[in-house]
Amino acid sequence: MNTMFPIFIKMSEISTLIVGGGNVGEEKLSAILKNSPDAVVTVVSKEFGQPLLDLAKDFPNVKTIERGFEVSDLEDHHIVLCATDDYNLHVMIKEECGKRNKIVNVADTPPLCDFYLGSVVTKGDLKVGISTNGKSPTLAKRMREFLEDALPSETQELLDNLKEIRDKLTGDFQEKVKQLNNITQQVFDKKE
Ligand SMILES: C[C@@]1(CC(=O)O)c2cc3[nH]c(cc4nc(cc5[nH]c(cc(n2)[C@H]1CCC(=O)O)[C@@](C)(CC(=O)O)[C@@H]5CCC(=O)O)C(CC(=O)O)=C4CCC(=O)O)c(CCC(=O)O)c3CC(=O)O
Ligand SMILES: NC(=O)C1=CN([C@@H]2O[C@H](COP(=O)(O)OP(=O)(O)OC[C@H]3O[C@@H](n4cnc5c(N)ncnc54)[C@H](O)[C@@H]3O)[C@@H](O)[C@H]2O)C=CC1
């Protein structure tokens, strides 16, 4: 059983720290920015790979700091992603995050993670997050590809129409729920 609880975070409202600016750091930054171009991210790394620097330069809310990690780096951030090649550093960061009530992801060490990244299917405003409980990131990727193809291209139009209807509905909460359930029932019935 997958007991993780998925949430959708407004990455512009919180501050994220990535430790390590090599390949894995670039992959994690890229995953964040693909979803949330407005994310506020600081990357601290002894050295940076060129791909990360090339990516970061187009995003004013992404800051790169070229030096080793310092425990004080944790203070200004809500979530932390570790992507260095130093396992002992990751163990230390996990421990220091615990003391400060910060949540941490350690890319290649699931037991040190408080949260996992997921595969993400996006159709306009619709977003579906996928987790395999850490069992197979490759299956998560394949499921994303499958759902990207399967979801109808009119999904955004449907959402825009429903938003318009939702804004115009009157009556009490129960009545609105009933009307919206009826309307969406018709949409899904038509597809069968
Ligand atoms: C636990 C987790 C923690 C975390 O990173 O958050 C984790 C851990 C590990 N990943 C590893 C390897 C790979 N990861 C990918 C890809 C992705 N990995 C992602 C998430 C997660 N990866 C979290 C669990 C998610 C879940 O619950 O399913 C995705 C979904 C999201 C993202 O990273 O953005 C993204 C797909 C995005 C997309 O395309 O949709 C590929 C495939 C590829 O790149 O094509 C491979 C190689 C093939 C393979 O191994 O499967 C290894 C072994 C490292 C080694 O061998 O040394 C570990 C460590 C371990 O498992 O022990
Ligand atoms: N590259 C990949 O696709 C995968 C890598 N891994 C593992 O993930 C880890 C990272 O991989 P890569 O990103 O490829 O390595 P990398 O060597 O490209 O990047 C590691 C980065 O961490 C930085 N760093 C090291 N110590 C630091 C410290 N004390 N403070 C701040 N920054 C520090 C380095 O300067 C470097 O930029 C490795 O342990 C690797 O085995 C696991 C799965 C896949």
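Colleague: How many bridges do β1 and β2 pair over, and in which sense?
Modeller: In this predicted model, β1 and β2 are joined in the parallel sense over six bridges; within that pairing, Val-19 has Val-44 of β2 as its bridge partner.

Colleague: And which helix lies across β1, β2 and β4?
Modeller: That is α1, which runs at about 155 degrees to β1 while lying across β1, β2 and β4, the last of these covering residues 79–82. Helix α3, residues 87–99, also packs on the sheet, where it touches β1, β4 and β5, and its direction makes about 165 degrees with that of β5.

Colleague: What order do the strands of the sheet have?
Modeller: The sheet is open and has five strands in the order β3-β2-β1-β4-β5, with parallel pairing.

Colleague: Why is one side of β3 and of β5 left without a neighbour in the sheet?
Modeller: Because β3 (62–66) and β5 (103–106) stand at the edges, each has a single partner strand, and so one side of each has no neighbour in the sheet. As for twist, neighbouring strands are turned by 20 degrees against each other on average, with direction ignored.

Colleague: Switching to ligand 2, which residues are closest?
Modeller: Of the 21 residues that surround ligand 2, the closest are Gly-20, Gly-22, Asn-23, Val-24 and Lys-46. Two or more residues of that shell are given by each of β1 (15–21), α1 (23–35) and β2 (40–48).

Colleague: Which element has the largest share, and what about polarity?
Modeller: The largest share is that of β2, with four residues, and the shell as a whole divides into seven nonpolar, nine polar and five charged residues.

Methods
Residues are numbered from 1 along each chain as its sequence is written. Chains are lettered from A and ligands numbered from 1 in the order in which they are written. This is a predicted model: local features need pLDDT of at least 70, side-chain atom pairs count only at pLDDT 80 or more; totals for chains, interfaces and linings use all residues. A residue is near a molecule or strand if its C-beta atom, placed from the backbone, lies within 6 Å of it. Ala, Val, Leu, Ile, Met, Phe, Trp, Tyr, Cys and Pro count as nonpolar, Asp, Glu, Lys and Arg as charged, and the others, Gly among them, as polar. Two strands pair if DSSP finds at least two bridges between them. Axes are lines fitted to C-alpha atoms, for helices over the stretch in contact, and angles run from 0 to 180 degrees between N-to-C directions. Two residues are in contact if their C-beta atoms, placed from the backbone, lie within 7 Å.
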